Amino acid sequence: MTHEGEDPCPQMKICRTIEEMHVARQSERGESKRFGLVPTMGALHEGHLSLVRAAKAQCQVVAVSLFINPLQFGPNEDLANYPRNFERDREILEREKIDLLFAPSAEEMYPPGAVTYVSVEGLSEKLCGRSRPGHFRGVTTVVSKLFNIVEPAVAFFGQKDAAQAAIIRRMVRDLNTPVQIVTCPIVREQDGLAMSSRNAYLDQKERKSALALYRSLRDIQRQFDQGEGSAAKLIKAGKRIFAEAPAVRLDYFEIVDPETLDPVDPVSPGALAAVAAFVGGARLIDNIVLGRS
């Protein structure tokens with residue numbers, strides 16, 4: 001039952017500037033509400049919404065940021081063509097009944113003369129960081145800014161971006177940032193393809209070819225479960241799947257420690273098998289934690 005004057009269905013507040021976000025955040029102070037943040041670049045799908053629902057289950061107030069971060073795109077990458085549909089994303093988030101949407105412009109986040117970056121040395125050059133120089137510096141810079149602007153108690157990230165999550169966990173630890181990092185499971189299509197905004201780039205034939213990523217991971221998961229502990233043999237088995245998929249160009253296939261991102265051998269339960277590949281014009285990533293059902 002609602003009291004007189006109460007709004008039975010509070011409207012999602014949209015903040016376009018940092019000042020608006022600060023004001024909205026300030027209005028929540030004084031009450032012991034757990035504040036959660038889900039950072040996104042928009043083009044929302046069920047993977048994003050699984051993070052939103054996890055945040056709603058664990059927090060009393062949930063903010064989602066929608067910002068296509070130019071710092072994490074290289075000069076020959078897909079910034080200009082990255083999927084954008086603000087109205088669709090807004091409607092989706094309103095249906096999810098989140099409290100705050102932070103959707104700043106690039107100029108708002110990076111004013112003229114901004115020269116400060118956050119870089120996690122030693123981790124940011126691994127996995128995707130090796131083939132996308134500067135990518136993770138862009139990620140950690142924007143996430144650090146979002147943490148300072150929104151001041152969440154908890155932030156939610158997806159396991160699909162396992163390297164990103166590991167790097168953000170290290171950044172938070174090293175900088176004593178008072179944010180708990182929650183990593184949520186990968187959400188997949190019915191055929192196993194990991195949900196990604198970049199799946200929109202795939203035509204029907206490419207979409208079928210993209211299944212090589214998950215097939216390769218499932219194959220080495222099966223071999224690991226049967227007792228194979230050699231990283232070289234498992235990686236060779238995974239790469240064999242790509243040899244049968246000529247439309248897919250492998251970027252990397254590695255088995256690493258999920259915290260340090262260093263290669264492991266022999267392979268033990270909890271190791272991260274991670275893959276990245278190009279399918280048509282899309283660069284896709286996927287991973288699996290070995291020994292976990």
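## Sheets, pocket and cavity in a predicted model

This is a predicted model, in which the protein has a mean pLDDT of 94 and 96% of its residues reach 70 or more. The exception to be kept in mind is the stretch of residues 1–8, where the pLDDT is below 50 and where, beyond near neighbours in sequence, the model has one contact.

**The six-stranded sheet**

Six strands, in the order β1-β4-β3-β2-β5-β6, form an open sheet with parallel pairing. At its edges stand β1 (13–15) and β6, each of which pairs on one side only, and from one strand to the next the twist averages 25 degrees. Within this sheet, strand β3 (residues 61–66) and strand β4 (residues 100–102) are joined in the parallel sense over three bridges, and A63 has L100 as its bridge partner in β4. Helix α3 (residues 86–95) packs on the sheet, where it touches β1, β3 and β4, and its direction makes about 170 degrees with that of β3. Helix α7 packs on the sheet as well, touching β5 (154–158) and β6, with a direction that makes about 170 degrees with that of β6.

**The three-stranded sheet**

A further open sheet is formed by three strands in the order β7-β8-β9, and here the pairing is antiparallel. Because β7 (248–256) and β9 stand at the edges with a single partner strand each, one side of each is left without a neighbour in the sheet. Neighbouring strands of this sheet are turned against each other by 15 degrees on average, direction ignored. The antiparallel pair of β7 and strand β8 (residues 272–279) is joined by eight bridges, and R249 has F278 as its bridge partner in β8. Two helices lie across these strands: α9 lies across β7, β8 and β9 and runs at about 20 degrees to β9, whereas helix α10 (residues 231–243) lies across β7 and β8 and runs at about 160 degrees to β7.

The helix directions relative to a strand can be set side by side as follows.

| Helix | Strands touched or crossed | Angle and reference strand |
|---|---|---|
| α3 | β1, β3, β4 | about 170 degrees, to β3 |
| α7 | β5, β6 | about 170 degrees, to β6 |
| α9 | β7, β8, β9 | about 20 degrees, to β9 |
| α10 | β7, β8 | about 160 degrees, to β7 |

**Pocket and cavity**

Rolling a probe the size of a water molecule over the atoms shows where empty space is left. The second largest pocket has a volume of about 410 Å³ and is lined by 19 residues, of which Q159, N287, I288, V289 and R292 lie nearest its centre. The elements that give two or more residues to this lining are α7 (162–174), β6 (180–184), α9 (212–225) and β9 (282–289), and β9 provides the largest share, three residues. By class, the lining of the second largest pocket holds nine nonpolar, six polar and four charged residues.

The structure also holds one cavity of 30 Å³ or more, and about 40 Å³ of space lies in the largest cavity. Its lining consists of L193, A194, S196, N199, L213, L284, I285 and D286, which by class are five nonpolar, two polar and one charged residues. Here too the largest share of the lining, three residues, comes from β9. Strand β9 thus recurs through this description, as an edge strand of the three-stranded sheet, as a contributor to the lining of the second largest pocket and as a contributor to the lining of the largest cavity.

Definitions and conventions:
Residues numbered from 1 in each chain as written. Predicted model: local features only at pLDDT ≥ 70, side-chain atom pairs only at ≥ 80, totals over all residues. Heavy atoms only, no water. pLDDT = per-residue confidence, 0-100. Contact = heavy atoms within 4.5 Å. 1 Å grid on protein atoms, 1.4 Å probe; cavity = no way out; pocket = protein on both sides within 12 Å on 5 of 7 lines; lining within 4 Å. Points joined across faces, edges and corners; volume = space filled by probe spheres on them. Helix = DSSP H or I, 4+ residues; strand = E, 2+ residues; numbered from the N terminus. Nonpolar A, V, L, I, M, F, W, Y, C, P; charged D, E, K, R; others polar. Pairing = 2+ DSSP bridges. Axes fitted to C-alpha atoms, helices over the stretch in contact; angles between N-to-C directions.
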